[in-house]
Amino acid sequence: MRTGGEKAFSRIMLGPITILYVLFLLAPISFFLLMSLFKYDAFNMYAPVVTGENFARLLFDGYYQTIILRTLKIAFLTAFFSLVLGYPLAYFLARTKSAWRGVLMFLVIAPLMTGVIVRTYGWIVLLGREGAVNKVLMTLGFLSEPATILGTELAVLLALVHILMPYMVFPLFSSLASQDPDVERAASTLGAGRVRTFIEVTLPMSRSGIIMGAALVFTLTAGSVVTPALLGGKDVQMIGQQIYELVTSTLNWPLASATAFVLVFCQFSIIFLYFRGGRSRAQ
Amino acid sequence: MRSNASETMPGDDRRGYTKGTISQPTMEFGYLRRVSMGILVTAIYVFLLSPIIIVVFTSFNPTTANTFPPSGFSLRWYGAFFESSGFTSAFQFSLWLGLIAAVAATVIGFFTAYGITRFLTKKRELGQSLAMLPVMIPHILISISLLLLLTVLPIPEMTALIVGHTIICLPFTIAGITASLEGVDKQLELAALTLGASRFRVLVEIVIPLIAPGMLSALIFAFIISFGDVYIALFLSGPGMTTLPIEIFSYMQWESTPVIAAITTLQILMIVVLGLVIERLVGLRKIMRV
């Protein structure tokens, strides 16, 4: 009787989340992504006719090509710069003996908690014609008149790196903090220089953190709507905005679904690469 | 000696782990190396924090333009915020939504965390990864799919918004509560069960009191996540149910006066206070362990 009761109890514990995830996460997302295979219909959201035209349009229509390529470029650069900036920070946080460690951790988490809108607005203020960046560049003599930074890819990239970098720092931090510092010491005792120790010992050991962080930042960038809309304007359209417009104004659900599919495809490719890489290492 | 209340929390293993890391021998930094590392890390922190600090400064700007440095000191934009019914009602709406979603995510998160740590012995890793699913899925996708669900099933829009927020908060509440549960001695529960207490009674009288700080932290963190969300609300908010970030977003598409700075400064203030409460209770790192 006891085990029967246990089973029922565990069902009560894990039931709510199962229902929630299946009914409100997995089922609707599958339905939405499946729509990419159907024909567009102005009156019924979609016509029950299987077609490849949505994907064909994304791949061969110049307008969508540009948007997809731009998104991939910005997402790649955002992930890259998040890694370049996030790695030293994560390394420092994982190795420091400073009493301020807790506070320094908090300062990485705090921006994340303010939400996307607050930080995007911060960049509008910083990068505007009257903003601090222009003021500083002019005072230093790099510019004679304020430059237009808002509305460019650079503005979007800067803000996205800033907004998404914490997502890179946390996985990096956990993989670096779980490393045994004795391994690094062993490498240097055996005569490896600091650079060599870093490249051949520390870096490979933090591989899982790098890929986790990169996958997260890449996907979050590719799916962002608000930041490119406010900082990039009409000139820097990205996939996320495209999906938003297709769903809210054009009401072309099948095409929106195909566009979202591109997003999911990219993400799964990275995760796949991660597992493949992991297997070849194990062999 | 620190007299932090959470230090004495029974079986709080994450604390011990942090302490251990600090006392572990680390590489000896050369002087030059240490200085250059210091400069680099400082520069990264400046990059991380300046857009937020600048917002606080701008909110006291007396003029309409988003100029920096501010040309004086004034509270006119705070006045403008409190006079704007659009912003104040959105603020209230976000508070309520955050509260409801946070409570839901904490309750379901507690059930899940307890189920995973106590009942999924072999499939524990799998269970934990599945629970983290909403972090791995772009939120815009979750939001659109819920909008799609609304067109198929007769659910009120408000429910979809609450469900969406609950879903994006769940990974954080589960991670936080799981960490707290790992610190609870299973023998205590076993003893109570052997003495004839029901599973339910064990939860209410033993487990929940022991992890109360962890649960409260999870609740606060979920509230913060919900309050800052823009992507779930992007598709699911409608007339009479606009969240603050959406209200700000639609306002900023037309103009951006420092009234936004005033609102976001208030939001930053609220988040810093709540963040410090969590830090005091269990430590923020515990929750950010995604």
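In chain A, 70% of the contacts between residues at least 6 apart in sequence join residues at least 24 apart. The model is predicted.

**Chain A overall**

Chain A holds 13 helices and two strands. Its C-alpha atoms fill a box of roughly 80 × 70 × 35 Å along the principal axes. Of the 283 residues in chain A, 46% are buried.

How confident is the predictor in chain A? The mean pLDDT of chain A is 85, and 96% of the residues score at least 70. Confidence peaks in helix α3 (residues 62-95) of chain A, with a mean of 92. The low point is helix α13 (residues 253-282) of chain A, where the mean is 78. Where pLDDT is low, predicted coordinates should not be read in detail.

**Two domains in chain A**

The domain assignment splits chain A into domain 1 (1-51) and domain 2 (62-282). The C-alpha centres of domain 1 of chain A and domain 2 of chain A are 31 Å apart. Nine residues of domain 1 of chain A are in contact with nine residues of domain 2 of chain A.

Which elements supply the domain 1 side? In chain A, α1, β1 (38-41) and β2 (45-50) each give at least two residues to the side of domain 1 that touches domain 2. The top contributor to that side is β1(A), with three residues. By class, this side of domain 1 of chain A has seven nonpolar residues, one polar and one charged.

**Where chain A meets chain B**

The contact between the chains involves 63 residues of chain A and 69 residues of chain B. On the chain A side, helix α1 (residues 2-34) of chain A provides the largest share, 14 residues. By class, the chain A side has 46 nonpolar, 10 polar and seven charged residues.

**The annotated spans**

UniProt, in unreviewed entries, lists "domain: ABC transmembrane type-1" for residues 68-274 of chain A and for residues 91-278 of chain B. The table gives the geometry of each span.

| Span | Distance between end C-alpha atoms | Helix | Strand |
|---|---|---|---|
| Residues 68-274 of chain A | 23 Å | 79% | 0% |
| Residues 91-278 of chain B | 22 Å | 82% | 0% |

**Details in chain B**

Helix α7 (residues 139-152) of chain B has 14 residues. From first C-alpha to last, α7(B) reaches 20 Å, close to the 20 Å expected at 1.5 Å a residue.

Why is α7(B) described as largely enclosed by the rest of the structure? Of its 14 residues, 10 are buried, so the rest of the structure largely encloses α7(B). A residue counts as buried when 20 or more other C-beta atoms lie within 10 Å of its own. The buried residues of α7(B) are B:His139, B:Ile140, B:Leu141, B:Ile142, B:Ser143, B:Ile144, B:Ser145, B:Leu146, B:Leu147 and B:Leu148.

B:Glu182 belongs to helix α8 (residues 157-182) of chain B. How does B:Glu182 rank on exposure? B:Glu182 is partly exposed, because 16 other C-beta atoms lie within 10 Å. That count falls between the limits, 12 or fewer for exposed and 20 or more for buried. B:Glu182 and B:Leu236 are 54 residues apart along the chain, and their C-alpha atoms are separated by 36 Å.

Notes:
Residues numbered from 1 in each chain as written. Chains lettered and ligands numbered in written order. Predicted model: local features only at pLDDT ≥ 70, side-chain atom pairs only at ≥ 80, totals over all residues. UniProt positions renumbered as here; feature names shortened; annotations may be inferred. Helix = DSSP H or I, 4+ residues; strand = E, 2+ residues; numbered from the N terminus. pLDDT = per-residue confidence, 0-100. Contact = placed C-beta atoms within 7 Å. Nonpolar A, V, L, I, M, F, W, Y, C, P; charged D, E, K, R; others polar. Domains from an automatic or database assignment. Expected span 1.5 Å × (residues − 1).
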